[in-house]
Amino acid sequence: MGRKQVEPLTGAALLEKYKQLEHLSHEEKAKACGYYTVTQSGKERISKLKFNKALLEALGMNLDTKSGRGGSRGGRSASYRITVQANGNLLIGSAYTKQMNLKPGDEFEITLGRKHIHLRQVSSNGQPTDDED
């Protein structure tokens with residue numbers, strides 16, 4: 001086991017080496033870039049997860065940050081799609097109501113189109129509001 005393990009490549013050096021090794025398999029590229037460990041029995045283990053993460057970070061994508069979320073709690077983000085429930089209802093989730101600063105009791109006027117449903121918020125006097133986006 002007289003083999004010395006090299007420090008894994010990162011950043012631009014990793015991307016350049018990755019491009020040079022385009023003829024190799026993904027595992028062979030990971031090993032050539034230093035993403036492997038040697039077990040006590042002398043067997044080499046490829047660290048594919050660390051290699052993939054390093055590649056993404058070298059491309060400017062950091063998976064560990066909460067980008068665009070302002071450090072908020074986890075949870076699902078709004079997908080702008082909903083599904084009709086088994087009872088025929090449409091449920092608009094809290095991600096949308098929070099984004100629009102809606103409060104319990106806010107009312108909407110429903111207008112049905114040929115292939116769409118429009119919701120228009122009704123003001124306290126019963127008239128539709130003019131602040132459509």
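How many salt bridges does the count come to in this chain? The count comes to two salt bridges, and the report returns to both of them below, after a look at the overall make-up of the chain, which is a predicted model.

**Overall make-up**

The chain holds four helices and four strands, and when the elements are read from the N terminus on, they follow the order α-α-β-β-α-α-β-β. Of the 133 residues in the chain, buried residues make up 11%. The accessible surface of the chain comes to about 11,300 Å², and carbon and sulfur atoms account for 50% of that surface. Where contacts join residues at least 6 apart in sequence, 29% of them link residues at least 24 apart.

**The nonpolar core**

In soluble globular proteins, nonpolar side chains tend to be buried together. In this chain the largest nonpolar core has eight residues, namely Leu14, Leu21, Ala30, Cys33, Tyr35, Phe51, Ala54 and Leu55. Helix α3, which covers residues 48-58, gives the largest share of this core with three residues. Leu14, one of the core residues, touches Leu9, Cys33, Tyr35, Phe51, Ala54 and Leu55 when residues up to four places away in sequence are not counted.

**A buried lysine**

Lys29 is found in helix α2, which spans residues 26-32. Is Lys29 buried or exposed? Lys29 is buried, yet it has no salt bridge, and the nearest side chain of opposite charge, that of Glu22, is 7.2 Å away. Since a salt bridge calls for a nitrogen and a carboxyl oxygen within 4 Å, the distance of 7.2 Å to Glu22 is in keeping with the absence of a salt bridge at Lys29. With neighbours within four places in sequence left aside, Lys29 is in contact with Tyr18, Leu21, Glu22, Leu24 and Phe51; among these contacts, Leu21 and Phe51 are also members of the largest nonpolar core.

**The two salt bridges**

The table sets out the two pairs with their N to O distances.

| Acidic residue | Basic residue | Distance, N to O |
|---|---|---|
| Glu27 | Lys48 | 3.1 Å |
| Glu44 | Lys31 | 2.5 Å |

In the pair formed by Glu27 and Lys48, Glu27 lies in helix α2 and Lys48 in helix α3, so the salt bridge ties together parts that are 21 residues apart in sequence. Glu27 counts as partly exposed at 41% relative accessibility, and Lys48 is likewise partly exposed, with a relative accessible area of 38%.

In the pair formed by Glu44 and Lys31, Glu44 belongs to strand β2 (residues 44-46) and Lys31 to helix α2, so this salt bridge ties together parts that are 13 residues apart in sequence. Glu44 is partly exposed, with a relative accessible area of 25%, and Lys31 is partly exposed as well, at 28%.

**A nonpolar patch on the surface**

Ile82, Val84, Leu90, Ile92, Met100, Phe108, Ile110, Leu112, Ile117 and Leu119 together make a nonpolar surface patch of about 950 Å². The elements that give two or more residues to this patch are β3 (107-112) and β4 (117-122), and the largest share, three residues, comes from β3. Ile92, one of the patch residues, lies in the loop between α3 and α4, the latter covering residues 94-99. With a relative accessible area of 41%, Ile92 is partly exposed.

Key: Residues numbered from 1 in each chain as written. Predicted model: local features only at pLDDT ≥ 70, side-chain atom pairs only at ≥ 80, totals over all residues. Heavy atoms only, no water. Buried < 20%, exposed > 50% of the residue type's maximum accessible area, 1.4 Å probe, protein only. Contact = heavy atoms within 4.5 Å. Areas by Shrake-Rupley, 256 points an atom, 1.4 Å probe, with all protein chains shown as cover. Core = buried A, V, L, I, M, F, W, Y, C linked by side-chain atoms within 4.5 Å. Lys, Arg positive; Asp, Glu negative; His and termini not counted. Patch = residues over 30% accessible without salt bridge, like charges linked within 9 Å, V, L, I, M, F, W, Y side chains within 5 Å.
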